[in-house]
Amino acid sequence: MMASGTVMILRTINNHWKNASFVLPSSCRSFHTGGPVSTDILQGRWASSHQYQQLDLEENFASSKLVLDDLPPKEAKVVVCGGGMVGTSVLYHLAMLGWGKDVVMLEQGRIGGASSWRGSGFLGGVKLTGPEMKILCKSKALAKELSDAGHDTGWKQCGGLHLARTRDRITHFRKMRAIAEANGTECYILSPEETAKKCDIINTSDLVGSFWVPNDGVCDPYKLTFTLLKLALEQGAHVVDECHLSRIMVQNERVVAVETSKGMIECDYIVNTGGLWARNIGQMSEPQVKVPVHPAEHYFLYTQKLDGIDPTMPALRDPDGNIYIREFNGGFLCGGFEKWAKPSFEKELPGPLQDRELLEDWDHFFVMLKEMLFRVPVMKKASLGCLYNTSCAFSADHRWILGMVPELTNYFVVGGLRSGGSSAAGGIGSMIAEWIVSGTPNMDAYDLDILRFLPAHNNGKFLLDRVREVPGIHYSNAYPFSDFTTGRCLRMSPIFPRLKAAGAVFGQVMGYERPSYFLHKSNGDSADYETTFDNEASIPFQIATTKTWTKPQWFESVAKEYAACREGVALLDYSSFAKFDVWSKGDEVVQALQYLCSNDLDIPVGNIIHTGMQNSYGGYENDCSLARTAPNHYMMIAPSIQQTRSITWLKRNLPSDGSVKDIDFIGREALEQQKKEGVKRLYVHLQLEDHNPEVDPWAWGGEPIYRDGVFVGVTTTTGYGFTLNNLICLGFVRNYDKNGNMDYVTPEYIMAGDYEVDIAGVRYSASVSLRSPSLPSKFPEPQSNRYLATQT
Ligand SMILES: Cc1cc2nc3c(=O)[nH]c(=O)nc-3n(C[C@H](O)[C@H](O)[C@H](O)COP(=O)(O)OP(=O)(O)OC[C@H]3O[C@@H](n4cnc5c(N)ncnc54)[C@H](O)[C@@H]3O)c2cc1C
């Protein structure tokens with residue numbers, strides 16, 4: 001039976017493009033109508049390698065004399081569960097660190113047979129945060145290195161061209177350029193004319209400009225996966241396919257063994273790289289591990305070969321049109337990230353060797369197809385190869401998930417790589433492997449750590465709702481304080497209705513609905529605010545938005561609130577903060593907290609004290625307050641976002657037998673050494689001087705800081721200083737020598753430099769100070785007892 005909706009969209013396409021020869025092959029038509037999938041569909045792209053990956057593997061193994069294991073070993077140091085691109089990268093990096101013979105990777109189907117063979121192969125791009133940027137650079141460098149060494153990775157350095165249809169997008173690109181340059185990536189902002197010169201087949205009539213990254217490129221994700229696999233096998237790594245992991249055995253919060261369809265394996269570590277299945281793998285242990293990811297449909301289309309297509313055409317991203325396009329086998333390969341996506345596999349994920357393709361929905365894809373044909377008009381002459389509807393795993397907040405899970409101590413996870421796994425796999429694999437081998441990650445990826453979630457984020461209903469919105473974020477303008485409109489009301493304070501009635505506009509932190517600011521309706525403020533969003537009807541309250549890079553529309557509201565707090569009295573609602581009761585029968589709790597915290601916590605009952613909780617390097621793991629409610633009883637109050645991190649740190653560092661013999665706090669030795677030797681970065685306060693907050697783009701965090709024209713760090717915290725009437729930036733300043741190595745930083749070094757902060761491509765001069773300036777106060781605090789967060 002032919003579905004009537006399907007017929008309609010075919011007609012729409014044909015009517016719309018009736019003068020073009022963008023032809024749907026008959027095989028695809030039969031697919032649309034729900035008929036059997038003709039093998040014609042598989043012609044072209046996949047028939048040669050991807051669709052028959054098992055055959056490919058066999059052919060390749062035969063020629064390279066490499067074989068997979070029939071059965072897993074009985075023991076392994078590390079079990080990697082999931083043989084996609086990410087699992088293979090972890091395996092490869094562990095093998096390169098010398099652990100090859102002690103590692104086994106299990107794959108329930110065929111290696112690289114899930115998302116990793118469907119990837120479009122865009123490799124590179126620019127992210128607005130340092131760790132993500134580093135991960136991308138590492139992945140790209142690995143692909144190049146392997147390619148230069150003669151391995152077949154499909155790597156092609158064709159450059160990445162990101163198109164801008166709006167001025168705000170150009171501002172976004174300027175911010176990307178600032179971060180990219182600071183990370184040593186060459187990149188340019190181009191005019192529409194220059195853009196046309198980089199790629200003469202694109203329609204530039206509506207463009208404001210573009211962002212050009214010459215060293216970016218594309219790869220063949222499957223070939224890259226296979227190369228990593230081959231190199232890992234050469235180092236003695238064990239790999240077993242058609243081997244389903246079904247249970248994870250735990251003792252004393254440690255994984256001790258895994259049960260598979262081909263036998264048990266005792267192990268020291270497990271890495272869950274299960275892609276779409278990562279959340280399910282999390283449910284195979286007791287306690288369950290929460291991996292908040294959900295699959296959503298992702299479409300890509302390829303065309304047949306078309307005469308005259310330049311094989312080195314840049315990898316195009318047109319985020320305002322929600323699409324991407326690249327050359328592939330003489331034709332085009334294109335896909336997109338629609339604003340509202342369709343969740344997939346809502347009830348059940350496909351089994352090991354089950355077909356994972358979904359029926360394509362031309363109605364849904366048509367919006368993107370229209371943009372593709374508009375952007376590259378010559379595509380209208382192409383014959384369709386096929387449209388695929390596949391799935392990618394998206395996390396609850398769109399960012400990648402990685403790290404050691406809070407529930408168990410030897411269990412790592414990588415998940416929610418969405419449609420960026422090929423670009424991330426190399427860097428993430430290296431990070432996880434080093435973390436396992438050395439005990440610490442090789443970069444600070446706080447924002448990507450799985451500890452940023454709560455169990456509530458793993459709720460199925462929440463994820464199903466949220467995943468509709470997450471893919472669309474990928475190409476959206478990353479405005480500051482962007483908030484989701486789905487998955488709301490996870491946690492609310494008892495006074496939520498009163499806050500709402502008082503005009504609160506809410507932001508979500510750790511699932512908690514918190515007022516970001518208040519509309520002052522009595523002053524007629526509401527007219528100034530943009531409060532519309534696509535599914536407004538389903539949300540019973542106003543959600544904060546900041547759809548600008550410049551002065552935000554909530555400025556006046558916040559100014560009033562600031563004045564009220566500074567001049568009058570403020571009542572703060574701490575409901576959303578993380579709170580823990582810590583107590584003991586004897587005075588063990590005092591000893592334990594003295595060991596965990598760097599301040600002296602032996603304070604009188606009824607008092608409260610602020611403290612850091614340091615790690616062995618002296619860095620901050622937590623920044624909290626402790627209220628002593630009884631001689632052996634404290635309440636810890638930590639930032640909302642620190643909830644999982646705080647409890648995990650407490651659990652992992654409290655002595656299991658309840659006794660604390662060494663009362664020196666964790667990190668003391670490192671801090672004393674720093675005090676003696678000096679430090680290699682200092683937290684400074686920068687006040688912008690020639691910045692006009694009315695018209696210039698604002699600093700929102702992550703802006704590069706320059707000292708005497710040399711990049712020395714990025715801003716971590718920024719805001720408008722209502723008393724100083726200017727933008728204030730806080731950030732770490734480093735001292736790089738000629739070879740790029742970090743030297744010591746002294747207060748004299750800080751004060752001797754001239755500073756600039758780069759905001760969206762414009763460097764604004766800034767005055768520097770080592771501490772926040774003392775603002776006039778009605779009730780000055782005694783300086784000796786003052787807590788100065790930014791003091792050296
Ligand atoms: C259409 C499309 C286009 C894309 N384009 C790009 C792009 O241009 N650039 C980019 O960077 N990324 C792109 N991606 C994303 C990228 O392909 C994925 O993010 C990446 O492949 C994910 O790799 P993975 O190893 O995490 O997951 P997968 O490749 O899905 O691997 C997970 C594996 O785990 C196995 N597994 C699950 N459960 C078990 C179990 N219990 N026992 C044993 N094995 C198990 C599965 O069988 C699977 O093989 C695209 C993805 C798609 C679908």
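Leu-402 sits in a crowd. Setting aside neighbours within four places in sequence, this residue of the predicted model is in contact with Ile-135, Val-413, Val-414, Ile-428, Met-431, Ile-432, Trp-435, Ala-445, Leu-448, Asp-449 and Ile-450. Leu-402 also belongs to the largest nonpolar core, which has 49 residues. Within that core, Leu-402, Ile-428 and Ile-432 have the most contacts. Helices and strands both feed it. Among the elements that each supply at least two residues are the strands β1 (75-81), β2 (103-106), β17 (401-404) and β18 (411-415). The helices α4 (85-99), α6 (130-148), α9 (221-234) and α12 (421-438) do so as well. A further core, of 37 residues, lies apart from this one, and its members include Cys-267, Trp-277, Leu-358 and Val-413. In soluble globular proteins, nonpolar side chains tend to be buried together.

Now step back to the whole chain. The protein has 792 residues, and 54% of them count as buried. Its secondary structure comprises 20 helices and 30 strands. Take the contacts with a separation of 6 or more: 72% of them come from residues 24 or more positions apart. The accessible surface comes to about 34500 Å², and carbon and sulfur atoms hold 51% of it.

Next, the sheet. Eight strands make an open sheet with mixed pairing, in the order β5-β6-β4-β13-β14-β15-β12-β16. At its edges are β5 (188-190) and β16 (384-395), each of which pairs on one side only. From one strand to the next, the twist averages 20°. Follow the edge strand β16 inward. It runs antiparallel to β12 (residues 293-303), and 11 bridges join the two. Here Glu-297 stands opposite Ser-391 of β16. In a regular strand the side chains alternate between the two faces of the sheet.

Further along the chain is a hairpin. Strand β22 (residues 608-614) has five of its seven residues buried, so it is largely enclosed by the rest of the structure. Its antiparallel partner is β23 (residues 620-630), joined to β22 by seven bridges. Thr-611 has Cys-624 of β23 as its bridge partner. Five residues lie between the two strands of the hairpin, and Gly-618 takes a positive phi near 90°.

Finish with the aromatic residues. The whole structure contains 28 aromatic pairs. One of them is Trp-698 with Tyr-720. Their ring centres are 5.6 Å apart and their planes meet at 20°; planes under 30 degrees apart count as stacked, so this pair is stacked. The pair links distant parts of the chain, with the two positions 22 residues apart. Trp-698 lies in the loop between β25 (681-688) and β26 (704-707), whereas Tyr-720 is in strand β27 (residues 710-721). Both residues are buried.

Tyr-706 and Phe-711 pair in another way. Their arrangement is edge-to-face, at 6.0 Å centre to centre with 70° between the planes. Tyr-706 is buried, with a relative accessible area of 5%. Phe-711 is partly exposed, at 21%.

Trp-698 and Tyr-720 also belong to an aromatic cluster. The other members are Phe-481, Tyr-517, Trp-554, Phe-555, Tyr-562, Trp-700 and Phe-722.

Definitions and conventions: Residues are numbered from 1 along each chain as its sequence is written. This is a predicted model: local features need pLDDT of at least 70, side-chain atom pairs count only at pLDDT 80 or more; totals for chains, interfaces and linings use all residues. Side-chain values use heavy atoms; hydrogens and water are left out. Buried means under 20% relative accessible area, exposed over 50%, partly exposed in between (1.4 Å probe, protein chains only). Helices (H or I, at least four residues) and strands (E, at least two) are DSSP runs, numbered from the N terminus. Two strands pair if DSSP finds at least two bridges between them. Contact means heavy atoms within 4.5 Å. Accessible areas come from the Shrake-Rupley method with a 1.4 Å probe; for residues, only the protein chains shown count as cover. A nonpolar core is a set of buried Ala, Val, Leu, Ile, Met, Phe, Trp, Tyr and Cys residues joined through side-chain atoms within 4.5 Å. Axes are lines fitted to C-alpha atoms, for helices over the stretch in contact, and angles run from 0 to 180 degrees between N-to-C directions. Rings of Phe, Tyr and Trp (its six-membered ring) pair if their centres lie within 6.5 Å; planes under 30 degrees apart count as stacked, over 60 as edge-to-face and the rest as tilted.
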